[in-house]
Amino acid sequence: MIPNSNLMHKPIRCLITAGPTREFIDPVRFISNPSSGKMGYALAEAALKRGWEVDLVSGPVSISAPKGVECCSVVSGQEMYEACEQRFPQCDILIMCAAVMDMRPKKIFKEKQKKDSIEWSVEFEPVIDILKTLSIQKSQQLLVGFAAETTNIEAYAQKKLREKNLDWIVANNVSTPGAGFESDNNKVILYSNTGKVEPFGPKSKLDIATDILNCIVP
Ligand code: PMT
């Protein structure tokens with residue numbers, strides 16, 4: 001159960017993040033990752049189907065937000081943080097499905113760098129950890145993170161569950177063929193901070209999203 005008695009009387013408000021973030025090096029180059037937004041948008045659709053109010057904060061993707069969600073488009077990790085921070089106090093559940101870039105170039109060039117004068121090495125600095133920062137401001141919210149891993153899936157997911165002070169973490173082995181980034185299907189394992197373990201899939205991202213929501217709010 002969500003630790004908020006008011007939920008009996010008002011619709012659940014769910015804040016979901018989706019897609020990648022981009023960190024620019026110059027006006028025409030950036031670093032990012034292959035997130036398509038499909039998993040996060042499926043969560044938004046499943047949440048709407050349950051009658052929840054949905055705030056979707058999305059990085060750049062080429063799919064459309066489900067009708068009925070309040071969608072806010074962002075590009076960088078800092079922009080995603082600011083959009084989430086603004087919406088976090090009003091939400092009952094935060095699900096961070098976005099693949100936020102952990103690092104950004106220390107120096108952003110104002111003009112396109114020319115090939116013959118380009119700096120071939122880029123120095124990076126950390127991007128704010130959105131989930132960890134918001135978990136410190138948590139009052140009644142249920143916090144759900146994702147862990148995109150390629151090795152030691154359970155150990156790394158459990159570490160993120162503890163270190164980011166989450167209620168649930170969705171471990172996603174992104175090296176499984178036909179699951180993870182860009183795929184229409186997924187296969188995940190949910191871990192709770194009380195020791196529950198719930199595997200789901202392989203199945204469509206919408207079915208996985210429905211399973212996740214049924215699991216966190218039975
Ligand atoms: O978009 P798709 O193509 O459908 O792919 C879905 C997905 C693979 C992106 C998704 O299922 C997934 O695993 N999302 C999490 C990706 C990720 O960034 O994982 P992480 O292990 O690096 O981060 C752990 C958690 O911290 C995540 O909830 C992440 O949103 C959050 N985070 C990460 C970095 C950061 N600076 N701030 C954060 O809040």
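This report covers a pocket, a helix pair and two unusual backbone spots. The model is predicted.

**The largest pocket**

The largest pocket holds about 740 Å³ of space. Its lining counts 34 residues. Nearest the centre lie Ala98, Ala99, Val100, Phe146 and Ala148. Three elements each supply at least two residues of this lining: helix 1, helix 3 and strand 9. Helix 1 spans 38-49, helix 3 spans 130-136 and strand 9 spans 142-149. Strand 9 gives the most, with four residues. The table splits the lining of the largest pocket by class.

| Class | Residues in the lining |
|---|---|
| Nonpolar | 18 residues |
| Polar | nine residues |
| Charged | seven residues |

**Helix 1 against helix 5**

Helix 1 also packs on helix 5, which covers residues 205-216. How far apart are the axes of helix 1 and helix 5? They lie 8 Å apart, at an angle of about 55°. Angles from 35 to 65 degrees fall outside the parallel and perpendicular classes, so helix 1 and helix 5 are oblique to each other. The crossing is right-handed. On the side of helix 1, the contact is made by Lys38, Met39, Ala42, Leu43, Glu45, Ala46, Ala47 and Lys49. Helix 5 brings Lys205, Leu206, Ile208, Ala209, Thr210, Ile212 and Leu213. By class, this contact has ten nonpolar residues, one polar and four charged.

**Two backbone spots**

Most peptide bonds are trans, and most residues other than glycine have a negative phi. Two places here depart from that pattern. The peptide bond between Gly201 and Pro202 is cis, with omega about 10°. Pro202 sits in strand 12, which runs over residues 197-204. The other place is Asn152. Its phi is near 45°, a positive value in a residue that is not glycine. Where does Asn152 lie? Asn152 is in the loop between strand 9 and helix 4, and helix 4 spans 153-163. Strand 9 is the strand that gives the most to the lining of the largest pocket.

Terms used:
Residues are numbered from 1 along each chain as its sequence is written. This is a predicted model: local features need pLDDT of at least 70, side-chain atom pairs count only at pLDDT 80 or more; totals for chains, interfaces and linings use all residues. Side-chain values use heavy atoms; hydrogens and water are left out. On a 1 Å grid over the protein atoms alone, a cavity is a set of points where a 1.4 Å probe fits but cannot get out, and a pocket is an open set with protein on both sides within 12 Å along at least five of seven lines; lining residues have an atom within 4 Å of a point. Grid points are joined across faces, edges and corners, and a volume is the space filled by probe spheres set on the points. Ala, Val, Leu, Ile, Met, Phe, Trp, Tyr, Cys and Pro count as nonpolar, Asp, Glu, Lys and Arg as charged, and the others, Gly among them, as polar. Axes are lines fitted to C-alpha atoms, for helices over the stretch in contact, and angles run from 0 to 180 degrees between N-to-C directions. Angles under 35 degrees count as roughly parallel, over 145 as roughly antiparallel, 65 to 115 as roughly perpendicular and the rest as oblique. A crossing is left-handed if the near helix is turned anticlockwise from the far one by less than a right angle, and right-handed if clockwise. Contact means heavy atoms within 4.5 Å.
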